[in-house]
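Here is a short tour of one strand and the nonpolar packing of this protein. Have the sequence and the 3D view open as you read.

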Amino acid sequence: TVLVTHRFDRIGEMSCNPAIGGLGKGHIVREIDALDGAMGRAADAAGIQYRLLNRSKGAAVQGPRTQADRELYRSAIQTLVRDRDGLNVIEASVEDIILSSGNIGGVVLDDGTQLTSRAVVLTTGTFLRGMIHIGHERRPAGRMGDAAVTTLAQRLQDLALPLGRLKTGTPPRLSGRSIDWGQVEVQPADEDPVFFSFLTKTVAQPQVSCGLTATNEDTHALIRDNLMDSSVYGGSIAGRGPRYCPSIEDKVVRFADRSSHQVFLEPETLSGEVVYPNGISTSLPPAVQERMVKSLRGLARAEILQHGYAIEYDYIDPRSLTRSLSVRQAPGLYLAGQINGTTGYEEAGGQGLVAGVNAARRAQDRPPWELGRDQAYIGVMIDDLVTQGVSEPYRMFTSRAEYRLSLRADNADQRLTRFGVELGCVGEERRVAFERKSEALARGREALAACIVSPRQLSSLGADVSHNGKKRSAGDALAVPGVSFSGLSGLFPALGAFGSDVGAQLEREAQYAFYIQRQDQEVAALRRDENVRIPLGFDYTALAGLSNELREKLEAVRPESLAQAGRIDGMTPACLTLILTHLRRRDARSA
């Protein structure tokens with residue numbers, strides 16, 4: 001395998017926010033790790049502030065996240081690449097694709113060298129005809145400091161692939177020494193960090209706090225007064241930006257009733273010299289950015305080290321891909337990442353893993369490998385992309401997955417590592433660790449089934465149960481509120497032989513068993529009821545849990561049936577279930 005990249009020292013570069021994970025995204029990182037991908041291990045090697053999002057909610061919607069030291073993350077990825085047997089790295093630019101009878105035959109480098117191969121994976125990020133915008137200034141670039149790719153973009157256009165334009169952006173970078181940290185709220189790291197890799201056991205780096213400040217009325221007035229000097233509103237950019245990571249200009253315009261927006265001050269390295277102000281992505285002119293930053297609490301003397309900018313780039317309509325991420329009209333060509341219209345490191349990493357596995361399988365004359373929506377968030381993402389396409393950069397959320405109760409971050413290894421072993425992409429260390437854990441879980445389930453507990457014993461653990469004399473297995477008892485594995489271990493010493501990680505996993509399995517069964521019934525009902533009619537005046541504002549994005553699209557389209565609603569761009573099975581449930585409740589009330 002050959003990796004062609006402009007500069008080796010840029011491998012692992014975190015072009016935007018130096019953070020990994022989050023809601024939905026953290027699930028993908030766990031899935032990448034379960035298949036022995038590098039992202040989780042690198043994130044743990046560089047993690048300087050772990051936080052589990054939605055900690056107060058159920059495990060299905062909790063999202064692990066870490067602020068990463070940009071330099072340490074880059075170093076960790078480069079070490080993994082350098083030490084990987086069978087992988088060669090060439091510093092060059094890919095200028096052309098070799099086609100032979102309609103099939104991929106390799107690539108051509110900028111010096112004319114031809115690399116022949118049966119499969120090629122393109123992961124171009126924001127480099128395809130990338131254009132940086134700051135105010136009214138425009139200049140070609142793949143990201144700040146790197147040249148754009150134009151020849152390859154033209155070649156893809158010549159292949160008649162459906163190209164479009166998208167945009168993303170980044171905030172200005174600040175000097176940590178110039179921030180008045182005493183004026184901002186402090187957000188510490190979790191005391192009990194949740195790691196990304198199933199192989200990680202301890203924290204590798206010192207943990208730091210982030211700061212929290214906010215925009216204000218003065219900030220918003222300044223932005224409104226200078227909107228036409230922004231690239232986004234001044235007419236320079238045609239591409240759609242990410243709805244869920246909008247520029248500060250978009251926030252001020254779209255949420256005009258809001259008097260402030262949170263801004264997280266996130267150190268980019270342990271030294272704290274560079275700080276990433278998460279929440280004020282912008283393409284305003286430099287002079288306006290200076291005034292905007294200084295209007296925020298704690299930033300009156302802030303020094304900007306690099307101004308924020310927007311970047312516009314080419315992407316290929318992902319509906320031209322198969323579920324193996326192969327281009328239908330150019331067999332052997334695989335696409336992954338922002339070239340497919342997605343956001344973020346995590347979405348790109350998940351696609352890269354699937355594209356890489358399938359490129360290898362093609363080279364070995366083996367059939368494609370695909371992940372289903374019921375198997376992984378990666379499967380949900382790819383199905384969304386190739387079925388519905390994108391109108392704006394795609395970002396993963398837990399709400400997109402109808403099977404989210406079973407697609408939890410905590411069980412990603414139990415869902416996927418066995419596939420990785422069969423595929424041959426899982427190394428020996430992970431295989432052994434996975435098999436040991438699986439065996440321990442199996443023994444734990446057997447032990448729970450063999451232990452019979454009475455209502456009196458459950459009451460002694462603090463559970464509120466009826467004293468009807470009905471006994472149950474310890475496995476069933478784990479689903480009762482107030483009952484824990486450690487509590488049961490006090491009643492049954494045999495359970496004490498299992499570690500806390502095994503006990504916690506068995507607790508979650510028991511707690512979700514009933515809900516997963518009900519979820520599966522709802523999904524089956526949804527498939528049966530796709531032809532259910534939706535009244536013209538259906539009130540979508542009454543659907544709690546419906547995203548603003550989908551509510552706007554439903555209000556605009558006003559679908560006549562559940563099947564038509566399912567064809568709306570970006571529609572999720574979870575949203576369709578909400579509509580179906582609401583219709584049934586309404587019909588029940590009418591009856």
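What follows looks at strand β19 and its partners, then at the nonpolar cores. Please keep in mind that this is a predicted model.

**A covered strand**

Let's begin with strand β19, residues 309-316, which is mostly covered: 8 of its 8 residues are buried. In a regular strand the side chains alternate between the two faces of the sheet. For β19, one side carries Y309, I311, Y313 and Y315, the other carries A310, E312, D314 and I316, and both faces are covered.

Which strands pair with β19? Strands β10 and β12 do, and the table sets them side by side.

| Partner of β19 | Residues | Bridges | Direction | Example of facing residues |
|---|---|---|---|---|
| β10 | 131-134 | 3 | antiparallel | I132 and I311 |
| β12 | 163-170 | 8 | antiparallel | K167 and E312 |

Residue E312 is thus worth finding in your viewer: E312 is buried in β19, and K167 is its bridge partner.

**The nonpolar cores**

In soluble globular proteins, nonpolar side chains tend to be buried together. Here the largest nonpolar core has 78 residues, and L156, L333 and I378 touch the most other members. Helix α9, residues 377-388, supplies the largest share of this core, with 7 residues.

What does L156 touch, leaving out residues up to four places away in sequence? The list is I97, L122, L128, L161, L163, I316 and I339. One of these, I316, is a buried residue of β19.

Apart from this core lies another, of 22 residues, including A440, L448, L488 and F498.

Technical notes:
Residues are numbered from 1 along each chain as its sequence is written. This is a predicted model: local features need pLDDT of at least 70, side-chain atom pairs count only at pLDDT 80 or more; totals for chains, interfaces and linings use all residues. Side-chain values use heavy atoms; hydrogens and water are left out. Buried means under 20% relative accessible area, exposed over 50%, partly exposed in between (1.4 Å probe, protein chains only). Helices (H or I, at least four residues) and strands (E, at least two) are DSSP runs, numbered from the N terminus. Two strands pair if DSSP finds at least two bridges between them. A nonpolar core is a set of buried Ala, Val, Leu, Ile, Met, Phe, Trp, Tyr and Cys residues joined through side-chain atoms within 4.5 Å. Contact means heavy atoms within 4.5 Å.
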